[in-house]
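Please open the model in your viewer and keep the selection panel at hand. The tour below moves through its open and enclosed spaces and ends at the surface.

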Amino acid sequence: MRAVYINEYGGTDVLEVKEVEDSPSPRSGEVRVKVAAAALNRADILQRRGLYPPPSGYPERIPGLEFAGTVESVGEDVDRFEIGERVFGIIPGGAQAEMLVTGQDQLSRVPAGLELVSAAAIPEAFITAHDAMITQGGLKKGETVLIHAVGSGVGLAALQLANVAGARTIGTSRTNEKLERCEQMGLDVAISAEEHRNFADVVQKATEGVGADVILDLVGAKYLSQNIKSLAVKGRLLLVGLVGGAAAELDMRLVLQKRATLIGTVLRGRSGAEKEEVTSAFERDVIPHLESGAISPNVDRVFPIDEIRDAHEYLESNESFGKVVIRIAGNDQ
């Protein structure tokens, strides 16, 4: 089968598309999927650089964390899916290939009317946002959520989920154009991260001094101090990404005064059982909104698999608004 392959760690020139060993036959409880498309994530860039290896048992040289495709074959005791059904899901690695094998409980059916290329843009972003903001952060109707990097794949998913939850939304981005587009999608308060380095002042003003009940942070160390100042009493800070650094000083007095909760979360390294739990929550709470049209995938650009280097360069440029998707040749039904 053909797959994206990391020849050695480094820049985009280390990537190629090559023939690799076929994925194995599915074992009991497993499904083999013919992949139509796989989205590109920051984790794939880090893996390419040798900074974020996949968990044991998954391809070290074939990236890809989310996908959409059709069931090609099933193992024994598979009772949720049949051959030919359209599915999508998350996987710790190896999604950017023509075939993959995964557990049936880590798959979901693609809603009718949704193209597989668009469906590939959904799982990682929406499961991450839902698990962090709703399941762990406990965002409720009437509360305020601050979403950093709101124009990213996870940020846009969080914005849509917050809207359907009835929460008030505040979002930051370094790009005013992205903020304007987010406002068209229902963002209540837009904050330019370039113009307002002390964004806590804007958050406090927008909330009349109350602060944000939940903060979804995809940036990391660079925003920690301002995040703590932005929190409401009993606020919850969800640490999801570290593109702005991993180490920062923490004013513990403010944490104590606000009775704040700081939660670090990541999907890739979780056990199979934990991934089944987040997939079940995704099916219960998110897919109905996809079926109704209340939320939708956020596809920025689609690249054919043979242009994988261009796709990496584009994602690294920070110009994307939403998800970058890789179309796997020959499987684009």
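Begin with the lining of the largest pocket, whose residues divide into 23 nonpolar, 15 polar and 11 charged. The model on display is a predicted one. This pocket holds about 1400 Å³ of space. To centre the view, select Arg42, Leu218, Gly241, Leu242 and Val243, which are the closest to the pocket centre among the 49 residues that line it.

Next, colour the secondary structure elements around this pocket. Which of them gives the most to the lining? Helix H3 does, with 5 residues; select 123–136 to display H3. Then add helix H1 (42–48), helix H4 (153–165) and helix H11 (308–316), each of which supplies at least two residues of the lining. Strand S9 (168–173) and strand S15 (323–327) likewise supply at least two residues each.

**The second largest pocket**

Now select Ser23, Pro24, Gly57, Pro59 and Val101. These residues lie nearest the centre of the second largest pocket, which is lined by 23 residues in total. Its volume is about 440 Å³. Select residues 99–103 to display strand S6, which gives the most to this lining, with 5 residues. By class, the lining of the second largest pocket comprises 11 nonpolar, 8 polar and 4 charged residues.

**The enclosed space**

Leave the pockets and turn to space that is closed off. How many cavities of 30 Å³ or more are counted? The count comes to 1. The largest cavity has a volume of about 40 Å³. To locate it, select Leu65, Ile90, Ile91, Glu124, Leu267, Arg268 and Lys275, the residues that line the largest cavity. This lining divides into 4 nonpolar and 3 charged residues, with no polar ones. Glu124 of the cavity lining falls within the residue range of helix H3, 123–136, so keep that helix displayed while inspecting the cavity.

**The surface**

Finally, switch to a surface representation and select Leu250, Met252 and Leu262. Together they form a nonpolar surface patch with about 270 Å² of accessible area. Focus on Leu262, which is found in strand S13, residues 261–264. Is Leu262 buried, partly exposed or exposed? Leu262 is partly exposed, because its relative accessible area is 34%, and partly exposed denotes values between the 20% and 50% limits. That value also satisfies the patch criterion of over 30% relative accessible area.

Conventions: Residues numbered from 1 in each chain as written. Predicted model: local features only at pLDDT ≥ 70, side-chain atom pairs only at ≥ 80, totals over all residues. Heavy atoms only, no water. Patch = residues over 30% accessible without salt bridge, like charges linked within 9 Å, V, L, I, M, F, W, Y side chains within 5 Å. Areas by Shrake-Rupley, 256 points an atom, 1.4 Å probe, with all protein chains shown as cover. Salt bridge = Lys/Arg side-chain N within 4 Å of Asp/Glu carboxyl O. Helix = DSSP H or I, 4+ residues; strand = E, 2+ residues; numbered from the N terminus. Buried < 20%, exposed > 50% of the residue type's maximum accessible area, 1.4 Å probe, protein only. 1 Å grid on protein atoms, 1.4 Å probe; cavity = no way out; pocket = protein on both sides within 12 Å on 5 of 7 lines; lining within 4 Å. Points joined across faces, edges and corners; volume = space filled by probe spheres on them. Nonpolar A, V, L, I, M, F, W, Y, C, P; charged D, E, K, R; others polar.
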